[in-house]
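Student: I am new to this structure and would like a close look at a single part of it. Could you take me through one place where two helices meet, and then show me how the rest of the chain fits around that?

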Amino acid sequence: MSKKQIEMELFGINFSKCENSNICEYLLFKNKILVGDEILTSFPKNEIKAILFHERFHQIDKTFTLIVVISLVLLIIIFAFLIKFNSIVVTIICRLALILLLTIIIMLFKRNEEYKADKYSISQCNSAESLINGITRYSKLQSKKYRKLFGWITHPSHENRFKKIREYKENYL
C-alpha cells in the first residue's frame, strides 16, 4: 500500500492510520487494523470506538483465519492431487465446482464472524446505536460499486445486522 501509515492507539486498540483514506479493515495475514484518517477526523468518538472494537474482534478471534488456512490447503490438494479425469473439461468443471463450494463455505463463516464482531463491539462499548450509526456512516464512505461487487459476499445486509444488533442489545445489555 503506497499510502503513508502511522501507528496509533485509541481505546487500548493499536492500529495503523492511513492518510487520505476512508478504509477501516482488519488485514488477516498482517494481523493489523487499518483506519483511514477520514474516519478518525469525521466520525464521532463513540462510533470510532464501536468500529475499532468490531475490527479488534477479527484480530483476536482466530476462527476465520483457521477457515481461510484450511480452505487454502484444500485448494492446493484439489489442484495438485485430486480430480484428474480423462477429460480435461470434466476435470476443470469439477475443480471449479469445488472452488465455488469452498467460496460459499468461507462466505458463510465470514458473515457469521461479522455478527460475532458486532456482539463483541456492543459488549465492549455498551452501545448498540454507536455501532449501527458507525456502520451506516462507514457504508456511505464506501463506493457503491465496491458494496455491490464485494460487500454482499463478506457482510450480511445492514437490515439483518441491525436486527441482530438490536436483539443482542435487548437480551444482553
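Tutor: Happy to help; here is a walk from the whole chain to one pair of helices, and then on to a few other places.

This is a predicted model, in which local features need pLDDT of at least 70 and side-chain atom pairs count only at pLDDT 80 or more, while totals for chains, interfaces and linings use all residues. Residues are numbered from 1 along each chain as its sequence is written, and side-chain values use heavy atoms, with hydrogens and water left out.

Let us begin with the overall layout. The chain has seven helices and four strands; here helices (H or I, at least four residues) and strands (E, at least two) are DSSP runs, numbered from the N terminus. Starting at the N terminus, the order of elements is β-β-β-β-α-α-α-α-α-α-α. The mean pLDDT, the predictor's confidence in each residue from 0 to 100, is 81 for the chain, and 84% of the residues reach 70 or more. Among the elements, helix 2 (residues 45–60) has the highest mean, 92, and helix 6 (residues 144–154) the lowest, 62. Where pLDDT is low, the predicted coordinates should not be read in detail.

Now for the close look. Two packed helices are described by the angle between their axes and the distance between the axes. Axes are lines fitted to C-alpha atoms, for helices over the stretch in contact, and angles run from 0 to 180 degrees between N-to-C directions. The axes of helix 3 (residues 63–80) and helix 4 (residues 88–125) come within 10 Å and cross at roughly 180°. Helix 3 and helix 4 are therefore roughly antiparallel to each other, a label for angles over 145 degrees, whereas those under 35 count as roughly parallel, 65 to 115 as roughly perpendicular and the rest as oblique.

Which residues make the contact (heavy atoms within 4.5 Å)? Helix 3 brings Thr63, Phe64, Ile67, Ser71, Leu74, Leu75, Ile78 and Phe79, and helix 4 brings Arg95, Leu98, Ile99, Leu102, Ile106, Phe109, Lys110 and Glu113. Eleven of the residues in this contact are nonpolar, two polar and three charged; Ala, Val, Leu, Ile, Met, Phe, Trp, Tyr, Cys and Pro count as nonpolar, Asp, Glu, Lys and Arg as charged, and the others, Gly among them, as polar.

Take Ile78, which lies in helix 3. Its relative accessibility is 6%, so Ile78 counts as buried; buried means under 20% relative accessible area, exposed over 50%, and partly exposed in between (1.4 Å probe, protein chains only). Leaving out residues up to four places away in sequence, Ile78 touches Arg95, Leu98 and Leu102. Ile78 and Ile99 are 21 residues apart in sequence, with 8.7 Å from C-alpha to C-alpha.

Following helix 4 onward brings us to a loop. Asn126 lies in the loop between helix 4 and helix 5. Asn126 is not a glycine, yet it has a positive phi of about 55°. Most residues other than glycine have a negative phi, and most peptide bonds are trans. With 57% relative accessibility, Asn126 counts as exposed.

Finally, a word on the interior. Of the 173 residues of the chain, 36% count as buried. The largest nonpolar core, a set of buried Ala, Val, Leu, Ile, Met, Phe, Trp, Tyr and Cys residues joined through side-chain atoms within 4.5 Å, has 24 residues. Ile33, Val35, Ile39, Leu52 and Ile165 have the most contacts inside this core.

Key. Contact = heavy atoms within 4.5 Å.
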